[in-house]
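Colleague: I have a little time before my next gel, so could you walk me through this model?

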Amino acid sequence: MTERLVVVGGDAAGMSAASQARRLKGPDELSIVAFERGHFSSYSACGIPYWVGGDVAERDDLIARTPEEHRARGIDLRTRTEVTEIDVAGRRVRALDRETGDAYWTGYDKLVIGTGARPVRPALPGIDAPGVHGVQTLDDGQSLLDSLDRTGPGRRRAVVVGAGYIGVEMAEAMLNRGFEVTVLNRGEQPMATLDPDMGRLVHEAMDGLGITTVNRAAVTEIRTGPDGRVSAVVTEGETYPADVVVLGIGVEPQTELARAAGLPLGPHGGLLTDLSMRVVGHEDIWAGGDCVEVLDLVAKRTRHIALGTHANKHGQVIGANVGGGYGTFPGVVGTAVSKVCDLEIARTGLREKDARAVGLRFVTATIESTGRAGYYPGAAPMTVKMLAEYRTGRLLGVQIVGREGAAKRVDIAAVALTAGMTVEEMTALDLGYAPPFSPVWDPVLVAARKASTAVRAAGSA
């Protein structure tokens, strides 16, 4: 008897799951129906700032597989169709065709939830005015580009609210589009995923690029002009004129459907799953991507991390399990990289406040080095900060800010974290060396040596 798999969400997690399940089971064994409320499927949301900024020429360059390609592989993908209710007891979902207004129920034997995340939109006056944009989907990106096109010649001003990954990436995009850019940040420094001392390096670099960054700036209102479009952003102490506003405050898991269906959510609002990505307590329901919480392997707590890398891995695991195979997703160490113009930003593991929150004592080490041998042309500076556990020396986290060649060095630390290495053990890592790529002592190993010394000093104190 043919089983039916229903997938809610047509991007990374949902369609990876559907595609993997289809590889393992043909249409005679498993029919697959997928619902996507937008126009597009299987695209890189992480690439949207680079499309908006002009580094990626065409929207379609971000699409890995179109709805037509999925359908050709035996997946009934229904775009512009939003699932509005999950009936767990009845094993069915209610869908609304956003083109025709028709609503209908579809039964399932197995269900995959990949509803993703949505940009945080604080409840402020004017937050929904034309010209105020979140950036999470291709539809969002197109809407923002349309707003930029409406802005006439002459002085053009963009205000970015928030200074996390999306905020700094969209600040670069607006700068590339010829806008004067102001970033309003509630925190002490931009990039709250870093410690403040490392965030200060990002702030200094953004100022050097011509991006005005205002810290400790809480937005209170978004004003509109006579045409009803955004005209300014107001904080507690200042008003900033704006032709366009981009929300870069962060995202939150989109789990209203799951909550209404009584499915278990974690402390960050994401769905809770086991190692197989099966929703806890529900044998035939899986979830993956930006709508779930994942285990932090360092802190030993769940976190919400919205990244395409995780979403695709979740989908592969889910598809394997739905299709009769076997797969697990053990957790993450919190690795992320970004850039603003030529400044590269990376982190993995715990920040100082993360370590304190879980009761860990630690030492820190910060070093300055270069990405190549100092005498080699183009050697650019980078700063590496490392956290290690008090006495044991176990690596807890690494943050890197620098120029060319800085960001991807964090992968060394990500592997070391996953393996549970100490900073002393890291100093003996056999990393590749040649003057065009690294000094004799790679910057990550220099930081490990300094951290190891700090561990020994703390232990003898």
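Modeller: Before we get to the pockets, a word on classes: Ala, Val, Leu, Ile, Met, Phe, Trp, Tyr, Cys and Pro count as nonpolar, Asp, Glu, Lys and Arg count as charged, and the others, Gly among them, count as polar. Please also keep in mind that this is a predicted model.

Colleague: Noted. How many nonpolar, polar and charged residues are in the lining of the second largest pocket?

Modeller: By class, that lining has five nonpolar, two polar and six charged residues, and the space in the second largest pocket comes to about 210 Å³.

Colleague: Which residues lie nearest its centre?

Modeller: Of the 13 residues that line the second largest pocket, Ala 192, Leu 194, Asp 195, Pro 196 and Lys 353 lie nearest its centre. Helix α9, which covers residues 352-357, supplies the largest share of the lining, with three residues.

Colleague: What about closed spaces, how many cavities of 30 Å³ or more does a search of the whole structure find?

Modeller: The search finds one cavity of 30 Å³ or more, and the volume of the largest cavity is about 30 Å³. Its lining is made up of Pro 119, Val 135, Gln 136, Ile 166, Leu 247, Gly 248, Ile 249, Gly 250 and Val 251, which by class gives six nonpolar, three polar and no charged residues.

Colleague: Switching to the largest nonpolar core, which residues touch the most other members?

Modeller: That core has 42 residues, and Leu 111, Ile 113 and Leu 271 touch the most other members. Strand β2, residues 30-36, gives the most to this core, with five residues. There is also a second, separate core of 38 residues, and Leu 350, Ile 367, Ala 388 and Ala 451 are among them.

Colleague: And what does Leu 111 touch, not counting residues up to four places away in sequence?

Modeller: With those left out, Leu 111 touches Leu 5, Val 6, Val 8, Ile 86, Val 93, Asp 284, Ile 285 and Trp 286.

Colleague: Now backbone oddities: which residue that is not a glycine has a positive phi of about 60°?

Modeller: That is Met 191, with a positive phi of about 60°, and Met 191 sits in the loop between β11 (180-184) and α6 (196-208). As background, most residues other than glycine have a negative phi. Arg 216 is not a glycine either, and has a positive phi of about 55°; Arg 216 belongs to the loop between β12 and β13 (219-224).

Colleague: Is Met 191 buried or exposed, and is Arg 216 buried or exposed?

Modeller: Met 191 has a relative accessible area of 1% and is therefore buried, whereas Arg 216, at 60% relative accessibility, counts as exposed.

Colleague: Where is Thr 213 found, and what does Thr 213 touch?

Modeller: Thr 213 is part of strand β12, residues 212-214, and counts as buried because its relative accessibility is 8%, where the cut-off for buried is under 20%. Leaving out residues up to four places away in sequence, Thr 213 touches Val 183, Pro 190, His 203, Met 206 and Asp 207.

Colleague: Last one, how many disulfides does the count come to?

Modeller: The count comes to zero disulfides. Cys 46 is in no disulfide, and the nearest cysteine sulfur, that of Cys 291, is 15 Å away. Cys 46 counts as partly exposed at 44% relative accessibility, while Cys 291 counts as buried at 0%.

Conventions
Residues are numbered from 1 along each chain as its sequence is written. This is a predicted model: local features need pLDDT of at least 70, side-chain atom pairs count only at pLDDT 80 or more; totals for chains, interfaces and linings use all residues. Side-chain values use heavy atoms; hydrogens and water are left out. A nonpolar core is a set of buried Ala, Val, Leu, Ile, Met, Phe, Trp, Tyr and Cys residues joined through side-chain atoms within 4.5 Å. Buried means under 20% relative accessible area, exposed over 50%, partly exposed in between (1.4 Å probe, protein chains only). Helices (H or I, at least four residues) and strands (E, at least two) are DSSP runs, numbered from the N terminus. Contact means heavy atoms within 4.5 Å. On a 1 Å grid over the protein atoms alone, a cavity is a set of points where a 1.4 Å probe fits but cannot get out, and a pocket is an open set with protein on both sides within 12 Å along at least five of seven lines; lining residues have an atom within 4 Å of a point. Grid points are joined across faces, edges and corners, and a volume is the space filled by probe spheres set on the points. A disulfide is a pair of cysteine sulfur atoms within 2.5 Å.
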